[in-house]
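Please open the model in your viewer and keep the selection panel at hand. The stops below are meant to be followed in order.

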Amino acid sequence: MTTQIKEFIEKEFYHFHKHPELSYQEFETTKRLKADLEAHGIEVLPLNLETGLVAKIGQGDKVVAIRADIDALPVQETTSLEYKSQVPGVMHACGHDSHAATILGAALFLKQREKDLKGTVKVIFQPAEEAPGGAHKIIDSGVLKDVRAIFGVHSSALFEVGTLGIKEGPICAAVERFKIVFTGKGSHGAHPESGNDAVIIGTNFVNAAQTIVSRNLPPYEQAVVSITHFEAGTTWNVIPETVLLEGTIRTYKKEVRALAKSRLEEIAKGIATTFNAKVELTWEVELPATINDKKLSDFAKDFALKEGFKVEPSPSSLGGEDFSLYQEILPGAYIQFGTGKTYPNHNPNFKVDPSAIYPTAKYIASLTEQYLKD
C-alpha cells in the first residue's frame, strides 16, 4: 500500500505541475483533489469555498490541521522537464504542486490509520497564497474554530532531499504593499513654473522613504522599505499632474512594523504638504509575520530526528507567507522540506525533486498522529 501511495502522489504532482492555475482560479486543481480524496473514502467538508477545500479524517474533540497551498505564479517556465507547465505564462515556480501532493499523501496515510487516531485531522488545501491572503477564505469559513494547532509545509531549494528546516520564532516577514498617488499640477515642459511637478514630488518621497530604516531603526533590527513601481507622464514635453508609486515594507516585529508604516504615512503627507500637493495612500496588502510556536517547533524537530531526517534551522526570510494568518488565531509550525539545491523559488528554472514528496508526506502524517496522542 505504501508503494501505491508513493506512485500515486508523485503522479499527481506531475499532473499539478503540468496544469498550474493562478490564485483564485484553482478550479480544476480543487476538483481533482476532491476526487482523489473521495476516491480514498476521505470526507470533504461542505464549505462555501469557490476554490480550495478542507477534508476531515478521524473523530474526536482534539483537532489538528495540516495545510498545503495550491496556486501557481504568472511565470513562463523555462525548464526542460518532461512534465513542464502546459499553460503559457503560468508555472508552479514556488513548489505548491509539491505541497499539494505531499499533504494529499499525508491524508492517505492518515486515512489508513483512521481507527487508531486519537482525534480529528483537518486537511487544508488552500487557494491563493500568492495573492496573497487566500488563508482568509479558510479562516472565514469557520472550519478552524475547533482546531488546536496547525502544521504547514513548504519546499526549500536551500536543502537537499532528506533535510527539514524547522525552528521557532520568525520564519517569514510581515508584508505591507502600499500604493501612493501624488497629485500636483501639469504644465508644459518648457514652463515648469506654471505647474507643480509631480515627478519632483515623487522622487523626493522615494529619497525620504529610505530614511525609515536607516534613520529610525537601530542597526540590529531587520526591516526593508522598497519602492518598486514609479509611474508618471505620457510624453516627453509635458510635466505630469500625477505620479503613482508602489512598494513594500517587510518586518518581523509588531512594533517595528507599526513604526515603519507610521513613518511612511507621515513622510507621504509631509512631502505633499511641502510641495503643496495632494496625496492618496492605500495599503493594498497587510500580512503579519510568520512566527513558529516554540512547543510545536520543538515537537516537530524532535520527531523529525527520530524519523531519520536531518534537521537544520529554517533560514529567516523577509519574504511573506500567509500561513501567518493561521498563526494569528492558533499555534502553528511552518516546516520546510528539502527538494534539492537548485534555482530559487519564483525563478522560471525552479525545480522540485519528486523524491522529496513521499518521505515528507509520511513524516507529516506520523507527526500529526503523534500530536493527537501527546
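## First stop: Ser156

Select Ser156, a buried residue with a relative accessible area of 3%. The model on display is predicted. Ser156 is found in strand 5. Show next what surrounds Ser156: apart from neighbours within four places in sequence, Ser156 is in contact with Gln336, Phe337, Gly338, Thr339 and Gly340. Then add Lys341, which stands 185 residues from Ser156 along the chain, with 8.0 Å separating the two C-alpha atoms.

## The largest pocket

Stay with strand 5 and extend the selection to the largest pocket. Which strand gives the largest share of the lining of this pocket? Strand 5 does, with three residues. Strand 7 (169-172), strand 8, strand 12, strand 13 (278-287) and strand 16 (332-338) each supply at least two residues of the lining. The lining consists of 36 residues, and those nearest the centre of the pocket are Cys94, Gly319, Gly320, Asn345 and His346. The space in this pocket amounts to about 840 Å³.

## The largest cavity

Rolling a probe the size of a water molecule over the atoms shows where empty space is left. To find the largest cavity, select Phe13, His17, Leu81, His92, Asp97, Phe350, Lys351 and Val352, the residues that line it. About 40 Å³ of space lies there. The count of cavities of 30 Å³ or more comes to one.

## Helix 5

Select residues 198-209, which form helix 5. Its 12 residues should span 16 Å at 1.5 Å a residue, and the end C-alpha atoms are 16 Å apart, which agrees. Colour Ala198, Ile201, Gly202, Phe205 and Ala209, which are buried. These residues lie on the same side of helix 5, because they cover an arc of only 95 degrees around the axis. An α-helix has 3.6 residues a turn, so residues three or four places apart point the same way.

What covers the buried residues of helix 5? The cover includes strand 8 (174-183), helix 6 (211-214), strand 10 (223-232), strand 12 (242-251) and helix 7 (254-274). Before leaving, display the side chain of Asp197, which caps the N-terminal end of helix 5. One of its side-chain oxygens lies 2.9 Å from the backbone nitrogen of Val199.

## Helices 3 and 10

Select residues 96-112 for helix 3, whose 17 residues should span 24 Å at 1.5 Å a residue; the end C-alpha atoms are 24 Å apart, which agrees. Helix 3 is mostly covered, with 15 of its 17 residues buried.

Go on to residues 357-373, helix 10. The expected span of its 17 residues, at 1.5 Å a residue, is 24 Å, and the distance of 25 Å between its end C-alpha atoms agrees. Helix 10 is also mostly covered: 13 of its 17 residues are buried.

## Ala68 and Ser297

Select Ala68, in strand 3 (residues 63-69). Is Ala68 buried or exposed? Its relative accessibility is 0%, so Ala68 counts as buried. Leaving out neighbours within four places in sequence, Ala68 has contacts with His99, Ala100, Ile103, Ile124, Phe125 and Gln126. A distance line drawn from Ala68 to Gly340 gives 19 Å, C-alpha to C-alpha, for residues that are 272 apart in sequence.

Turn next to Ser297, which lies in helix 8 (residues 294-306). Ser297 is buried, with a relative accessible area of 1%. Its side chain has a polar atom 3.5 Å from the backbone oxygen of Lys167. Not counting residues up to four places away in sequence, Ser297 touches Ile166, Lys167, Glu168, Asn292 and Ala333.

## Backbone details in the loops

Most residues other than glycine have a negative phi, and most peptide bonds are trans. With that in mind, select the loop between strand 4 (120-126) and helix 4 (135-140), where Pro132 is found. The peptide bond from Ala131 to Pro132 is cis, with omega near -10 degrees. Ala128 has its place in the loop between strand 4 and helix 4. Although Ala128 is not a glycine, its phi is positive, about 55 degrees. With a relative accessibility of 0%, Ala128 counts as buried.

The last selection is Tyr24, in the loop between helix 1 (2-18) and helix 2 (27-39). Tyr24, a residue other than glycine, has a positive phi near 65 degrees. At 35% relative accessibility, Tyr24 counts as partly exposed.

Terms used. Residues numbered from 1 in each chain as written. Predicted model: local features only at pLDDT ≥ 70, side-chain atom pairs only at ≥ 80, totals over all residues. Heavy atoms only, no water. Helix = DSSP H or I, 4+ residues; strand = E, 2+ residues; numbered from the N terminus. Expected span 1.5 Å × (residues − 1). Buried < 20%, exposed > 50% of the residue type's maximum accessible area, 1.4 Å probe, protein only. Arc of directions from axis to C-beta. Contact = heavy atoms within 4.5 Å. Polar contact = N/O pair within 3.5 Å; in protein donor to acceptor, adjacent residues only side chain to side chain. 1 Å grid on protein atoms, 1.4 Å probe; cavity = no way out; pocket = protein on both sides within 12 Å on 5 of 7 lines; lining within 4 Å. Points joined across faces, edges and corners; volume = space filled by probe spheres on them.
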